[in-house]
Amino acid sequence: MRRTASLVLLACAVFFAALSPLLRWYAFPRLAEIPANQYQDMVLVAKNATLLDYGTMKAKKVPQVTIVQTLKGDVAAAKRIEETAGRDVVVWDGLSYVQGPDGKMVSEIPERYIFDAHSQEPVHATGEMVDGDPVRRDGIEFKWPFLTEKRDYEYFDAQTRTTNPIHYKGTRTFRGVEVYYFEQTIPWTKVPMPKKMPVQGITPESVAKTGTTRWYTTVRRFWVEPVTGAPVYGEETHQEELRGGTLLGGRAKVTAFAGDVKMREDYIEHTVALVEHNRTLVLLMTSYLPWGFLSLGIALLALALWLEALGRRPADPQPVETSVPEPVSA
């Protein structure tokens, strides 16, 4: 019985020991993915910002500018692209909607972002765009890969339609969560006018005829939870200018928007709570279960060897009965 039990325990030990690396290095990269139907929104604010009044074409201080960013998964489009891409794909339709203190639209820029559901690498397919302009993204956008590393990444900037390094600047603690801090600086760059302008009748084509151009610079900062690759907080020091042309009445340039854009407090709390929940799920597959299975395999192996040793130990010798001869009577 002991030998049979030890063989069963040995088989279980081998099973759990083999399952440990399989779960971490085979199952996790295939099972961990961004849901194709995900929907999320984010509200950012820039307090005491500078904003262009298109009625007077003069910049003025305003109490607050609000930016609403939404990302909505297009499941049907993802399935169509998967048929030719040969991998799991997520399609996000994004919208960055900027409104002034009076609630009126300042700018509205849509995006379509197509990426690998597991690695977050861009997938190039028909429909990839920013503000209606076809683009070919390189590098990440919105989200870092699972198990983010302490290194620089390539990050796509939607305003310039270019990819630039975003630099790892160290490990920090944000609201009790260990995060990696990344920073990217986009120098002054000429960028396209938004397709949808805040003044009725003004179009990018009509502005182009005046010779006026739009320029942009920003310092982008993210605090990224490394296990999930999700930013728990982000902010930008953002500036836009209109330069040259007859639209400015002889002025060289005018500020279109300038402000420190930060996540609203209620969205910070929601994001931190969501990331902490998802972090536990990822750690379950990358750490808790693999190490648990490995420890269980070692314990079962030790128990199997112990039982085998007991089965091989010689039995204690039994005492030999010696008979005393009966006396012989004459």
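Two strands pair if DSSP finds at least two bridges between them, where strands (E, at least two residues) and helices (H or I, at least four) are DSSP runs, numbered from the N terminus. The structure is a predicted model, in which local features need pLDDT of at least 70, side-chain atom pairs count only at pLDDT 80 or more, and totals for chains, interfaces and linings use all residues. Residues are numbered from 1 along each chain as its sequence is written, and side-chain values use heavy atoms, with hydrogens and water left out.

**Exercise 1.** Determine how β7 and β8 are joined, and whether β7 is mostly buried or exposed.

*Solution.* Begin with the pairing: β7 and strand β8, which covers residues 162-174, run antiparallel to each other over 5 bridges. Within this pair, Asp157 stands opposite Thr162 of β8. Next, look at the connection, where 4 residues lie between the two strands of the hairpin, and where Arg161 in the turn has a positive phi of about 60°. Finally, consider the surroundings: 4 of the 5 residues of β7 are buried (under 20% relative accessible area, with exposed meaning over 50% and partly exposed in between, for a 1.4 Å probe and protein chains only), so β7 is largely enclosed by the rest of the structure.

**Exercise 2.** Work out in what order the strands form the sheet, and which strands stand at its edges.

*Solution.* Start with the count, which gives 4 helices and 12 strands in the chain. The 12 strands form an open sheet with antiparallel pairing, and their order is β6-β5-β4-β3-β2-β1-β12-β11-β10-β9-β8-β7. At the edges stand β6 (133-134) and β7 (153-157), and because each has a single partner strand, one side of each is left without a neighbour in the sheet. Inside this order, β9 (residues 177-191) and β10 (residues 213-225) pair in the antiparallel sense over 10 bridges, and Val191 has Arg214 of β10 as its bridge partner.

**Exercise 3.** Describe where Gly201 is found, and decide whether Gly201 is buried or exposed.

*Solution.* First locate the residue, since Gly201 is found in the loop that lies between β9 and α3 (204-210). Then compare its relative accessible area of 65% with the cut-offs given above, which shows that Gly201 is exposed. As a last step, take the separation from Thr271: the two residues are 70 residues apart along the chain, and their C-alpha atoms are separated by 39 Å.
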